[in-house]
Amino acid sequence: MIFTDTHTHLYYEQDNDKQSQLMERCFENNVNRLFLPNVDVKSIAMIDDLVSKYPDNCFAMAGLHPCDVKDDYISVLDTIKNSIPNRSVYAIGEIGIDLYWDKTTLAIQQDAFRKQIVWAKELGLPIVIHCREAFDEVFEVLESERDEKLRGIFHCFTGNVQQARQAIDLNFYLGIGGVVTYKKAGLDLVLPELDLNDLVLETDSPYLAPVPFRGKPNESSYLIYIAQKLADIYGVSVEEVANITTENSRKIFGV
């Protein structure tokens, strides 16, 4: 049984001993595949360091997080893009639109999002989307970019059934994380309307820890609690959840 965490910032832990302990707990819980979303220029080296330590388990993404899209975003994008040919990169992410923190940067967030979608298509890579309080804005961009090359994951999906189906129709899988274990999140009502074959697992560690760790730092080993919740929702074994979602991750990332 192999679990895949399709979205973890485990590299934020820079203490070597603590980092190795996080990875050991992953292995103890069969979380053997971890995909590392990039957020800015600084995180490139942190991701590469973790990949070099665990080349069979950790896989890099490249991208500029929407919350890090500032006035200098063009030069930052150039730096990130120029890093890609020298590395093994499996997705462009995390990219998208976030209107929770700052609505004034919408125009440049949209531009950065489009530019990075173009990279992904040129490179034949999936994209990993960050969408917070911005479903309409994200879908507007995606629909304008819709073609056979557009694909990826809606990271930390928390939308309704209609939004889920629109994302799936655009050739995206839905990333399901710790929020599914929260009583008032509503995902437990949305997911029964969807197919398990359209989902992947993620933690977004160190954020959004699942119950029973809600409010504490998250870690990738906690993926098993998310998998158990999906097993309960779909009436299948945890092993089946692991098999289906890991196979989905292989289809997306090609590894």
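How much area does the chain expose, and what share of it do carbon and sulfur atoms supply? In this predicted model, the exposed area comes to about 11200 Å², and 48% of it is supplied by carbon and sulfur atoms. Looking beneath that surface, 54% of the 255 residues in the chain are buried.

The overall dimensions can be considered next. The C-alpha trace spans about 45 × 45 × 35 Å along its principal axes. A compact globule of 255 residues would have a radius of gyration near 18 Å, and the chain, with 17 Å, therefore agrees with that expectation. Nine helices and eight strands make up the secondary structure of the chain. As for how distant parts of the sequence meet, consider the contacts between residues at least 6 apart in sequence: 73% of these join residues at least 24 apart.

The charges offer another view of the chain. There are 24 positive and 39 negative charges, and the mean positions of these two groups lie 2 Å apart.

Strand β3 gives a helpful close-up. This strand covers residues 58-62 and is mostly covered, with five of its five residues buried. Its side chains can be followed in two directions: Cys58, Ala60 and Ala62 point one way, while Phe59 and Met61 point the other way, and all are buried. A neighbour in the fold is strand β2, residues 31-36, which pairs with β3 in the parallel sense over three bridges. Across this pairing, leucine 36 stands opposite alanine 60 in β3; Ala60 is also one of the buried residues that point the same way as Cys58 and Ala62.

Notes: Residues are numbered from 1 along each chain as its sequence is written. This is a predicted model: local features need pLDDT of at least 70, side-chain atom pairs count only at pLDDT 80 or more; totals for chains, interfaces and linings use all residues. Side-chain values use heavy atoms; hydrogens and water are left out. Helices (H or I, at least four residues) and strands (E, at least two) are DSSP runs, numbered from the N terminus. The radius of gyration is taken over C-alpha atoms; the globule rule is 2.2 Å times the number of residues to the power 0.38. Buried means under 20% relative accessible area, exposed over 50%, partly exposed in between (1.4 Å probe, protein chains only). Contact means heavy atoms within 4.5 Å. Accessible areas come from the Shrake-Rupley method with a 1.4 Å probe; for residues, only the protein chains shown count as cover. Lys and Arg count as positive and Asp and Glu as negative; His and the chain ends are not counted. The place of a charge is taken as NZ of Lys, CZ of Arg, CG of Asp or CD of Glu. Two strands pair if DSSP finds at least two bridges between them.
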